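User: I would like a close look at a single part of this model, with the terms spelled out as you go.

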Amino acid sequence: MIQMKMITNRFGKINPLSIDSYINLDGYKGLKKALSIHPTKIIDEIEKSKIRGRGGAGFPTHIKVRALSKQLGGKFIVCNADEGEPGNFKDRSILENDPHAVVEGMIILAYATGASKGYIYIRGEYQNAIKIMKATIKAAEEKKLLGDKILNKSFSFKIEIRSGAGSYVCGEEFSLIESIEGKPGRSRTKPPFPTEKGIHDLPTLINNVETFANFPHIILMGGEEFAKIGTPSSTGTKLISLSGNVKNKGLYEVPFGTSIRDVIFKLGKGVKNNRKIKMVQLGGASGPLIPEYMLDMSIDFDRFENFDSKTGTGAIIVIDDRFDLFDVLLINMKFFVHQSCGKCAPCREGHVQIVNLLNKFINHRATEKDLMSIENLANVIQQTSLCGLGQTSMTSIISSLRYFRDDYLSKVRY
Amino acid sequence: MILLKEVLSKYPKEQEYLIEILLEYQTSKKNHYISAEDVASIAKYLDIPESQVCSVISFYTMLSMKPKGKFVIQVCHDVPCFVNDSTSIYDKLAELLGIQDGETTKDGLFTLEITECIGRCNESPVMRVNDSVYVSLTPAKVEKIIQKLRGDAK
């Protein structure tokens, strides 16, 4: 048993548009239990669960939750469903298959932190998910699970759906906040962090869809039990978006600690047409490119930290030996040229120059100096960009310079 | 086609709703774009400068101030689709429609665009036509889809 179905347990078993079918399969049980506990105790359970954010960065969730709970006055909770990282479809899968789980997680967190308003920011391309979530909110309101005096407690919480409009950078928390305010999604300087000054300068907590879907389970089983799943540094399960040249592409849920090789070969049934793996990209366009011999690495935030990137989204893109390293790098880098918001120079100008340098390699016009330039520039972009986009976009370049250096050297003209 | 007034009346007069308004109105329009007159009306309704409306439209790729075709076809070309031969899908579309990335056919029916990941990598290669997603494409499938859309337009 490689798979462990917790978040995906209801997928296919319920009608996502029926709140009753969700309730019949333990839906809103976590919320009912949560409402009988003191808010600070809920945050204690979240801390004991050791859950880390599922959006990619793997930040310990309880720190953000506690920070928000200590703020006074109006505050917001945001569900980040701006899943734009290429190779990821796990958040869409949750929204489309078990939408109430996300809403339940948000209500629990609102109760724990004292927030009275929430947003679900869904990327504009996910029209189906947007329709489903709008219907879900309405159904929850009709059952008095959202709105004033939820389940007759003196606690009110409302959720609004917001659509993205085709901007990858809006998955970054401050860009997302700007977008919710109806502005272009250009990031802000930190600190202050969103839990201090977010939407309309009020404290705002942003979590990923999958993180929210975990809260009902944490409350129902208790933090300590939850922490027994997975590894000491990464607890619980992880949704994996498996794509590329594998026989069985798809969404899988595994406990943390499962090896990447097992996901590709046992769940994905290996590479199509029995070809060899040239490389695997983890996390998405902003994730590392690793060679076949590293696939025994386990899915674990601590292992991913070696790459300094948002690897923790759980995307695994398998690329077989018909493809060249530079094909993949060029697609990734052109993506970032297009997605840079243009606010800071390293990201706005840097990506353009990286594409120019890559083209030199592709056309066999690169020299040793260009190899040094690409390495230096990648580090400058990573270290000096304002937001998570430029801070992680260079991961495929930096990792490939480490693991596929021969590919670069074979294109250098001496 | 819905009137802009009808769309505006659904939303509070707050800048927070600007993107929602733009998306809803643009989707309802045949040519999928926001005109200069629309910008002026929206800015007036929300009591913000027209420049702010324009800066939002130009920032977000799903919003446009240029008229597009009746069917906006977006082919994903990110790595998960690329390694599943999305190039052949784009080439087939370009051949069938006689246009390239960013162009619109003379009859105003189709706009072809290369787009970023649409989150259906488990069924790649994929494309979107307006709000519908087509998955597990082959050049032959693409040909049938275009034929059907041409028929629908008549």
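User: Which residues have the most contacts inside the largest nonpolar core, and how many residues does that core have?

Analyst: This is a predicted model, in which local features need pLDDT of at least 70 and side-chain atom pairs count only at pLDDT 80 or more, while totals for chains, interfaces and linings use all residues. Residues are numbered from 1 along each chain as its sequence is written, and chains are lettered from A and ligands numbered from 1 in the order in which they are written.

The largest nonpolar core has 135 residues, where a nonpolar core is a set of buried Ala, Val, Leu, Ile, Met, Phe, Trp, Tyr and Cys residues joined through C-beta atoms within 7 Å. A residue is buried if 20 or more other C-beta atoms lie within 10 Å of its own, exposed if 12 or fewer, and partly exposed in between, with C-beta atoms placed from the backbone. The residues with the most contacts inside this core are V102(A), M106(A), I107(A), V280(A) and I316(A). Helix α6 of chain A, residues 99–113, gives the most to the core, with nine residues; helices (H or I, at least four residues) and strands (E, at least two) are DSSP runs, numbered from the N terminus.

Leaving aside neighbours within four places in sequence, M106(A) is in contact with I77(A), C79(A), G118(A), I159(A) and F212(A), two residues being in contact if their C-beta atoms, placed from the backbone, lie within 7 Å. Apart from the largest core lies another, of 19 residues, which includes L22(B), I34(B), I42(B) and L46(B).

As for chain B, it is divided into domain 1 (4–59) and domain 2 (71–153), with bounds from an automatic or database domain assignment, and the C-alpha centres of these two domains lie 28 Å apart.
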